[in-house]
Amino acid sequence: MPKFSSKIGVIATTVGSAVGLGNVWRFPAEVQANGGALFLFIYIICIFLFGIPVMTAEFALGRGGDSDAVSVYGKVTPRHKHWALTGALAVLASYLILSFYMVVSGWTLEYLLQSLSGNLYAADAADKTAFTASMGRYIAGTWRPIVMTVVMILANLVVLLRGVRGGIERISNILMPLLFVLLAVFCGVSLSLPGARQGLEFFLRPDLSALSPSTVINALGQAFFSLSLAMGILVTYSSYYPATTRLTRTATTVALLDLMVALLMGVIIFPAVMTFGLADSDLAGSSLVFVTLPEIFARMSGSQWWSALFFLLLTVGAFTSTISLAEVSVSFVKTRWGVSRRAACLWVCLPLLVLSSVCSLSVGPWSGFTIAGLTIFDFLDTIATNIMLPLGGILLCLYMGWVAPERFFRAQLTNDGAIHSRALTAIRFIVKWVAPPLIFLILVWQFV
């Protein structure tokens, strides 16, 4: 397996797999849809109770097995190859997520182009519905959203073809730090808005009366989603980690940075939501960021260029997310069928031209066609995020806690005895005894 060349590369690529869209796009929508601060509180608990231990377990499996997300189980425990089904579930979940992620990536590209041209701010700045109407017209379209989606798929293909170091690591190292800087700047602007206090209360003051099974399962699903757990990404990426990488420290750093971005996005979005009266908008949800952020930029001097710079970085963030998801399948196809990387990239990306186009149409012209009351886009999001990822997390914990040799787990967390891992006992206890039953109970709770 190829290896990342630096510690910064390890952190930037792993954080980039989630931060690009998992928290910048999806997190604010989930907070708004699930009662605000209570969702945030449960989400933080899930990050520390499940996120860091499960992430560390995935890192150990990936680096120790040194293979793709499916074959790694047979390499670690040759007598228990049937556990490869856990890896297959992760690959399937990641591919389903990738199919609608490409659509959102196309939205980011559209907003980048509209910002550069100035068309995004051509409407009357005093009209508070202008950006809502603009997003509504765009996603309801037929060809332009599909064209933007196809462009992003082809752009992903180009980066994937360049490989691990020349493509994935290089683009993450340069642009992920810039995204953090810009988020901090936009926080300052958002906090100066008239509705800042009301927005922060919604985001930071929990209302326990809003507690429901859906709030808990959605928070758990977002924790898995935002940290890229049970998608095969972390197993695949950690197979590229050098032997000297400290897995526990890396997992903690990635989780904290990921949480920081979530908090920053909440501080950016919700003062704007309250200021511009978007709390009850029909476009709240998947398109929330594309409505509220332009409202903030319109308040800034040089709004066109701030907007262009942010959506450029969000587009690149979308790259880091979609490339990570696609790399799971590329690695699997390359290993399973013994084809070249070029062929594997084509096998993975070409079917997306159809799948992602269907997802795009499902929130536009085909929005009347639903499955269980959800569009195809939302159905795949719900099934993959709220069911497949937690289920995959349970299976992964059962494997690492009960099937994989304890000495294997210990060797990976201590780098074969070269370092002392104080968290080893706690992580193993959570993975073996705590995470599987609690995640299972939360999953069952939503159906009771």
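The second largest pocket of this predicted model has a volume of about 260 Å³, where a pocket is an open set of points, on a 1 Å grid over the protein atoms alone, with protein on both sides within 12 Å along at least five of seven lines. Grid points are joined across faces, edges and corners, and a volume is the space filled by probe spheres set on the points. The model is predicted, so that local features need pLDDT of at least 70 and side-chain atom pairs count only at pLDDT 80 or more, while totals for chains, interfaces and linings use all residues. Residues are numbered from 1 along each chain as its sequence is written, and side-chain values use heavy atoms, with hydrogens and water left out.

The lining of the second largest pocket, that is, the residues with an atom within 4 Å of a point, consists of Lys-7, Val-10, Ile-11, Thr-244, Thr-245, Arg-246, Arg-249, Thr-250, Thr-253, Asn-415 and Ile-419. Helix H1 (7-33) and helix H11 (247-275) each contribute at least two residues to this lining; helices here are DSSP runs (H or I, at least four residues) numbered from the N terminus. By class, the lining of the second largest pocket comprises three nonpolar, five polar and three charged residues, with Ala, Val, Leu, Ile, Met, Phe, Trp, Tyr, Cys and Pro counted as nonpolar, Asp, Glu, Lys and Arg as charged, and the others, Gly among them, as polar.

Asn-415, one of the residues lining that pocket, follows helix H17 and has a positive phi, near 50°. Within H17 (residues 406-413), the buried residues are Phe-408, Phe-409, Ala-411, Gln-412 and Leu-413, buried meaning under 20% relative accessible area, exposed over 50% and partly exposed in between (1.4 Å probe, protein chains only). These buried residues of H17 pack against H2, H3, H11, helix H16 (376-403) and helix H18 (424-445), contact being defined as heavy atoms within 4.5 Å.

Enclosed space was examined as well, a cavity being a set of points where a 1.4 Å probe fits but cannot get out. There are three cavities of 30 Å³ or more, and the largest cavity has a volume of about 70 Å³. Its lining is formed by Glu-58, Ala-69, Tyr-73, Thr-86, Gly-87, Ala-90, Ala-230, Gly-232, Val-235, Gly-392 and Leu-396, which divide by class into six nonpolar, four polar and one charged. Helix H4 (84-117) and H16 each supply at least two residues of the lining of the largest cavity, and H4 gives the most, with three residues.

Two of the residues that line the largest cavity, Ala-69 and Ala-230, can be described further. Ala-69 is found in the loop between helix H2 (37-65) and helix H3 (72-76) and counts as buried because its relative accessibility is 2%. Not counting residues up to four places away in sequence, Ala-69 touches Gly-87, Val-91, Gly-232, Val-235, Thr-236 and Val-328. Ala-69 and Ser-331, 262 residues apart in sequence, have C-alpha atoms 7.9 Å apart in space.

Ala-230 lies in the loop between H9 and H10, and Ser-228 is placed in that loop, between helix H9 (213-226) and helix H10 (233-238). Most residues other than glycine have a negative phi. Phi is nevertheless positive for Ser-228, near 65°, and for Ala-230, near 60°. Ser-228 is buried, with a relative accessible area of 1%, and Ala-230 is buried with a relative accessible area of 6%.

Two packed helices are described by the angle between their axes and the distance between the axes. The axes of helix H6 (residues 143-161) and helix H15 (residues 352-362) come within 9 Å and cross at roughly 145°, where axes are lines fitted to C-alpha atoms, for helices over the stretch in contact, and angles run from 0 to 180 degrees between N-to-C directions. The contact involves Pro-145, Ile-146, Thr-149, Val-150 and Ile-153 of H6 together with Leu-352, Leu-353, Ser-356, Ser-357, Ser-360 and Leu-361 of H15, and these residues divide into seven nonpolar, four polar and no charged.

H6 also figures in the surroundings of helix H5 (residues 130-139), whose buried residues are Ala-130, Phe-131, Thr-132, Met-135, Tyr-138 and Ile-139; what covers them includes H4, H6 and helix H12 (288-298).
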